[in-house]
Amino acid sequence: MRDKSRWIEWGKDGLILLLTLSAVCLLSMTPLVRDSGLLDLLSPKESPGVGSSGAGPAEAMLPVRLAVTGEGGRCGVQYDEQRLEELFPPLGVLLGDALASAGEIRSLDEEEWRRCLGRDGVYFDFAGDVPLTALERWLQGPGSAGLTGAARRVLLCAGEGDQVLLCWQEEAGEQFFSCSTALTQALHLGPAAAGAAPNGAYFAFENQELAGRLDPYTLITEEDQGGAGYAVSVPLTEESGTAAVLAALSFNSQNPAPVSGGEVYVDGGDRLVVSDSGVVTYRAAQGEKYPVGPALADGVETARALAESTLGTLCGEARLYLMSAQEAGGAVRVRFGYLLDGCAVYLGSEGWAAEYVIRNGYITQFTLRFRSYAANGEQTLLLPVDKAAAMLPDLTDQRRELVLQYRDGGGAAVFPSWVAV
């Protein structure tokens, strides 16, 4: 009899639970609940990781060169986007943690910097001058370390005891800096360095023959360098491409006015000109269409998001990278370029693909140069880097960095070549 009563009670509880779930389901379908935002609060959220603002920021920060130095030697990777994508995520996490926990900054002389490059550590080359605040935000999220300046070359290396140092070179002033971090060699740097097999990579200053010809921090890797060719097209020649760009920039695609060599779209006093050659220019009247936050990192991130949603969606097999973010005359100029398999594309006469001007907390003008790249199956022969260094006459007068680069002057195809920069 007792068992029968227990089954009856369980049945009642089950019926109550079923009725409650049904009521909640019906309530969630009402406009009041749908519009309240309550369902958004209850829905599961993705946990943040590297580049917690989405995949875009982490991809934008993919370095063009990595070098991991351990007990067995150094592993260097460049001109190989697939390999960089494999190696960077865990190393990017370490770099983000190092930036977020940065201690007091001290200056390094060049000899100290070179000694640091020879220690166990991880070296990152981002090709452009990246503000350290933006780098921290993209890899870790908004932080409070307060690092200032910009760097192209960044290094995590072994310090005293179990300490890990964060070092960097400010390209503009050719100054070197270092600070302590909360990372340890045993828990962080050692395991990271153990994951890369040495391949004989070295810096030019470590080779007596090349040291007199090349920039000392030119990374030399012995693997055969790729010479893939790419077909080039202008994606805005198709109506769908232009419509997508206008939508991303919050411009109405209806009723454009013809101008010489293109069309102009107007939003209030703001003007967006789309040229037949694939160049898009924006000039603000009031300057309030594209607000940014107060910090430099805010402006860089807003510019990056606009670049990725326009150029980044139509550039084919290329990807975007941050070239520079410079403050001058009360404005910030943020520039992005194209990369093809880790090689920079020098576009037109100035090199960059996008330039944004930020004044008083708003993007007030920009220029976008749309190009789409697709591998055409062709290859070009490339000399090994040491032979190329011996043959380039402009390296004999002054030590310059020797890199593979694509030159896009508006033709139908591009191929890489060794260029002294």
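**Entry 1. Glu-81**

Helices in these notes are DSSP runs of H or I with at least four residues, numbered from the N terminus. With that term fixed, I looked up Glu-81 and found that its place is in helix 5, which covers residues 81–100. I record here that the model is a predicted one.

I next asked whether Glu-81 is buried or exposed. Its relative accessible area is 16%. Buried means under 20%, so Glu-81 counts as buried. I then listed what Glu-81 touches, leaving out residues up to four places away in sequence. The list holds Leu-62, Arg-319, Asp-341 and Gly-342.

**Entry 2. The chain as a whole**

I turned to the protein chain and noted 13 helices and 23 strands. The chain has 421 residues, of which 45% count as buried. For contacts with a separation of 6 or more, I found that 61% are between residues 24 or more positions apart. The chain exposes about 20900 Å², and carbon and sulfur atoms supply 52% of that area.

**Entry 3. Asp-270**

I located Asp-270 in strand 13, which spans residues 270–275. Its relative accessible area is 7%, and Asp-270 is therefore buried.

Which residues are in contact with Asp-270, once neighbours within four places in sequence are set aside? I found Phe-251, Tyr-265, Tyr-282, Arg-283, Ala-284, Ala-285, Gln-286 and Lys-289. Two of these residues reappeared when I examined the polar atoms of the Asp-270 side chain. The side chains of Asp-270 and Tyr-282 are joined by a polar contact of 3.1 Å. A polar atom of the Asp-270 side chain also lies 2.7 Å from the backbone nitrogen of Ala-285.

I also checked Asp-270 against Thr-364, which is 94 residues away along the chain. Their C-alpha atoms are separated by 9.2 Å.

**Entry 4. Val-279**

I found Val-279 in strand 14, residues 279–283. Its relative accessibility is 26%; the range between 20% and 50% is called partly exposed, so Val-279 falls in that class.

Beyond residues up to four places away in sequence, Val-279 touches Val-273, Val-274, Thr-367, Leu-368 and Arg-369. I compared the position of Val-279 with that of Phe-370, 91 residues apart along the chain. The C-alpha atoms of these two residues are separated by 6.1 Å.

**Entry 5. Strand 18 and its partners**

I followed strand 18, residues 354–359, and saw that it is mostly covered, with five of its six residues buried. How many bridges join strand 16 to strand 18? I counted five, and the two strands run antiparallel. Strand 16 itself covers residues 331–340. One pair of bridge partners here is Val-334 and Tyr-356, the latter in strand 18.

Strand 18 is also joined to strand 19, residues 362–369, by six bridges, again in an antiparallel arrangement. Ala-354 has Leu-368 of strand 19 as its bridge partner. Leu-368 had already appeared in my notes as a residue touched by Val-279. Strands 18 and 19 form a hairpin with two residues between the strands, and in this hairpin Asn-360 takes a positive phi near 50°.

**Entry 6. A sheet of three strands**

I then traced an open sheet of three strands in the order 20-10-22, with antiparallel pairing. Strand 20 (372–379) and strand 22 (413–414) stand at the edges; each has a single partner strand, so one side of each is left without a neighbour in the sheet. Strand 10, residues 228–233, pairs with strand 20 over five bridges in the antiparallel sense. In this pairing I noted Val-232 opposite Tyr-373 of strand 20.

**Entry 7. Empty space**

Finally I searched for space within the structure. Rolling a probe the size of a water molecule over the atoms shows where empty space is left. I found one cavity of 30 Å³ or more in the whole structure. The largest cavity has a volume of about 50 Å³. It is lined by 11 residues, and those closest to its centre are Gln-78, Tyr-79, Leu-219, Leu-402 and Trp-418.

The largest pocket holds about 910 Å³ of space. Its lining has 37 residues, of which Ala-127, Arg-152, Glu-171, Glu-401 and Val-421 are the closest to its centre. Which strands each supply at least two residues of this lining? I recorded strand 4 (121–131), strand 5 (150–158), strand 15 (319–328), strand 16, strand 17 (343–347) and strand 21 (402–408). Strand 16 thus enters my notes twice: it lends residues to the pocket lining, and it is joined to strand 18.

Technical notes: Residues numbered from 1 in each chain as written. Predicted model: local features only at pLDDT ≥ 70, side-chain atom pairs only at ≥ 80, totals over all residues. Heavy atoms only, no water. Buried < 20%, exposed > 50% of the residue type's maximum accessible area, 1.4 Å probe, protein only. Contact = heavy atoms within 4.5 Å. Polar contact = N/O pair within 3.5 Å; in protein donor to acceptor, adjacent residues only side chain to side chain. Areas by Shrake-Rupley, 256 points an atom, 1.4 Å probe, with all protein chains shown as cover. Pairing = 2+ DSSP bridges. 1 Å grid on protein atoms, 1.4 Å probe; cavity = no way out; pocket = protein on both sides within 12 Å on 5 of 7 lines; lining within 4 Å. Points joined across faces, edges and corners; volume = space filled by probe spheres on them.
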